[in-house]
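Please open the model in your viewer and keep the selection tool at hand. This tour goes from one selection to the next.

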Amino acid sequence: MNEDDDEGDLAPNPALNSQRSTTANKKALKNDGVRPGLVFGCIFVWMSITGGRFLAPFLEQEIGMSPRTIGVCLAAQSVITTLGGSIVGPLADQRESRLPGRGRTEILALGIMLGTICCLLHSLRHFSPSSSSIPFSHEQDNQPDEIGLGTMSSDIFSSTTFHFALRMMYAGSICCIFPVADAVALQYLEQHPQMSKDDYGRERMFGAIGWAVAHFGYAVLIDWYGFNVTYPLSLLGLVVALIAIHIYTRKQIELTKRSLMKRKSDIITANEGDDSPVESRTESTCMESEKQQLSTKSLVTTILGSFFGTYYSTAYMICLFLLSFGQVIVDALVFLFFETLESSYTMMGITVIFTVAFEIPIFQVAPTLLERSNAGVLLLVASFSYIVRVLGYASIPKGHIAYVLALEPLHGVTYACAQTSSVDTASRFSPPGWEATGQGLISLVRGSGSILGLLYGGWAVEHLGGRFMYEISSCLVSVGVLCLGVASCYQSPVAAVPSATSRSMRGKETQYLGVQLEEDVGDDGMSAGDTFVIDDSLDNSTSELELQPLDSAHNLSTKHDS
């Protein structure tokens, strides 16, 4: 009887074991170092001051640009960030491979320092002889200079061209921040077995908090002291961001060293039966791993091609492109529209708090949303929220800016759902170690829409007015919703295997970098060692694909037969 009782006490309790496992995972996560959420929060505090929602009013009031010139300037920034992000992404991945744990964060720090310098150089206009008057008022803007940016001045520090060039340099700094920051977060999540890439939203949530707090504080200070407060605040933001990056990098280097030591130990253990020297076996294993990696050029081409590999994925990219077109008009130019509604800067800061109030819970439950739906559904939700919001803008009467607060939560839904959807889509198509590359390529799609949106928005504010501008943008986003909705009816979305490692493949169809697999799969899923012969449409050759165990470095390997 006592023996039975003892056995009963020792019998496994699934609920208790699960609770203990969760507690152990949280403790392990805490001991592993600082989470990337700290980096996100500090970066967005800095960016709120140097290039946030108040950038358009800053360029209008402090620099003297017209709305049309502001639109051209911001569009040119988007061109640089879009193209630069797809270039800096692979470079950041390569630097991380050479300097594990600090390669990407060094690029982050470099970008923030460069951006701060560009922001501070705007203050030189106050030291110019003509600083007593605004040399580029709207009345003077009808006399374009050689490059069509407004009137020229004999003082270079007061010229629109000088400040336009500073914004282009600032855009170059943003290329070093996004999508590298996203890749830093995804790498962190991959290093922790108790987490997955779906937890990205929970880390990104801290960025939303920093964005809201910084915007409100910045808005109050603008009402009190004007836009001159931008310069000391940018320096403060730089210090805070660099401290956060330094703390995170130190912990990450320690974590990476432990991970590399464990991998080396696993290699030595796996080759204990080999008579060859340990150093030779380890070097041989590393060389074989390098041989299996695709070249950067072919990998970029393959990932980008997979974005448009099916009707559904093509419709998804069209919807994302058009939503980016409309969203940037709100993100970059909505405060100019609020000025026409007689809004104070403090009220504008309050609107940012309302938007973030809905971003935070959505980022927090992002893993659950992705599990219960998919990235396409989140993009549709984001698009519907955008359409309702901008149509509401168009109906607000002048002098009743408080009505905007009822619409601002919809922006939180739009931004959080669109961001979570796009990051998840890019990560699914990106093999391990190439996270920044995938994020950079999907930023190319979003950035292209932003460029056209800013060009249209700057022109529309002057010639059509803010109300008509938003009505047209709502129609364009509706076209994207229609495309994705029709594609969803005729072709079910096929989830791409995220790096072929973070999730097991289930169901009868799956996709990896544009290669479609169709095979009968049992309830237990595919097992290690299963081999499939498929038709690779990328190079018109027959491929033999073998599924490796989930704990291997690369779970999918292909052997090509001509």
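How much space lies in the largest cavity? About 1,200 Å³. Bear in mind that this is a predicted model.

**Stop 1: the largest cavity**

Select Met-47, Phe-178, Asp-331, Tyr-415 and Ser-450. Of the 39 residues that line the largest cavity, these five lie nearest its centre. Centre your view on them.

Now colour the elements around this space. Helix 3 (36-51), helix 4 (55-63), helix 5 (67-98) and helix 7 (160-175) each give two or more residues to the lining. So do helix 9 (200-225), helix 13 (311-340), helix 17 and helix 18 (435-463).

Which helix gives the largest share of this lining? Select helix 18: it supplies seven residues.

Next, colour the lining by residue class. You should find 17 nonpolar, 16 polar and six charged residues.

**Stop 2: the second largest cavity**

The whole structure holds four cavities of 30 Å³ or more. Move to the second largest, with about 60 Å³ of space.

Select Ser-48, Ile-49, Thr-50, Gly-51, Gly-52, Phe-54, Leu-55 and Phe-58. Add Cys-119, Arg-167, Tyr-218 and Thr-230 to complete the lining.

Which helices supply at least two residues each here? Helix 3 and helix 4. Helix 3 gives the largest share, four residues. Both helices also contribute to the lining of the largest cavity.

By class, this second lining has six nonpolar, five polar and one charged residues.

**Stop 3: helix 14 against helix 17**

Go back to helix 17, one of the elements lining the largest cavity. Select its residues 408-428, then add helix 14, residues 345-364. The two axes come within 7 Å.

At what angle do they cross? Roughly 40°. That makes helix 14 oblique to helix 17. The crossing is right-handed.

Show side chains along the contact. From helix 14, pick Thr-351, Phe-354, Thr-355, Phe-358, Glu-359, Ile-362 and Phe-363. They meet Glu-408, Pro-409, His-411, Gly-412, Val-413, Tyr-415, Ala-416, Cys-417, Gln-419 and Thr-420 in helix 17. The residues of this contact divide into nine nonpolar, six polar and two charged.

End on Tyr-415. This residue is part of the contact with helix 14, and Tyr-415 is also among the residues nearest the centre of the largest cavity.

Terms used:
Residues are numbered from 1 along each chain as its sequence is written. This is a predicted model: local features need pLDDT of at least 70, side-chain atom pairs count only at pLDDT 80 or more; totals for chains, interfaces and linings use all residues. Side-chain values use heavy atoms; hydrogens and water are left out. Axes are lines fitted to C-alpha atoms, for helices over the stretch in contact, and angles run from 0 to 180 degrees between N-to-C directions. Angles under 35 degrees count as roughly parallel, over 145 as roughly antiparallel, 65 to 115 as roughly perpendicular and the rest as oblique. A crossing is left-handed if the near helix is turned anticlockwise from the far one by less than a right angle, and right-handed if clockwise. Contact means heavy atoms within 4.5 Å. Ala, Val, Leu, Ile, Met, Phe, Trp, Tyr, Cys and Pro count as nonpolar, Asp, Glu, Lys and Arg as charged, and the others, Gly among them, as polar. On a 1 Å grid over the protein atoms alone, a cavity is a set of points where a 1.4 Å probe fits but cannot get out, and a pocket is an open set with protein on both sides within 12 Å along at least five of seven lines; lining residues have an atom within 4 Å of a point. Grid points are joined across faces, edges and corners, and a volume is the space filled by probe spheres set on the points.
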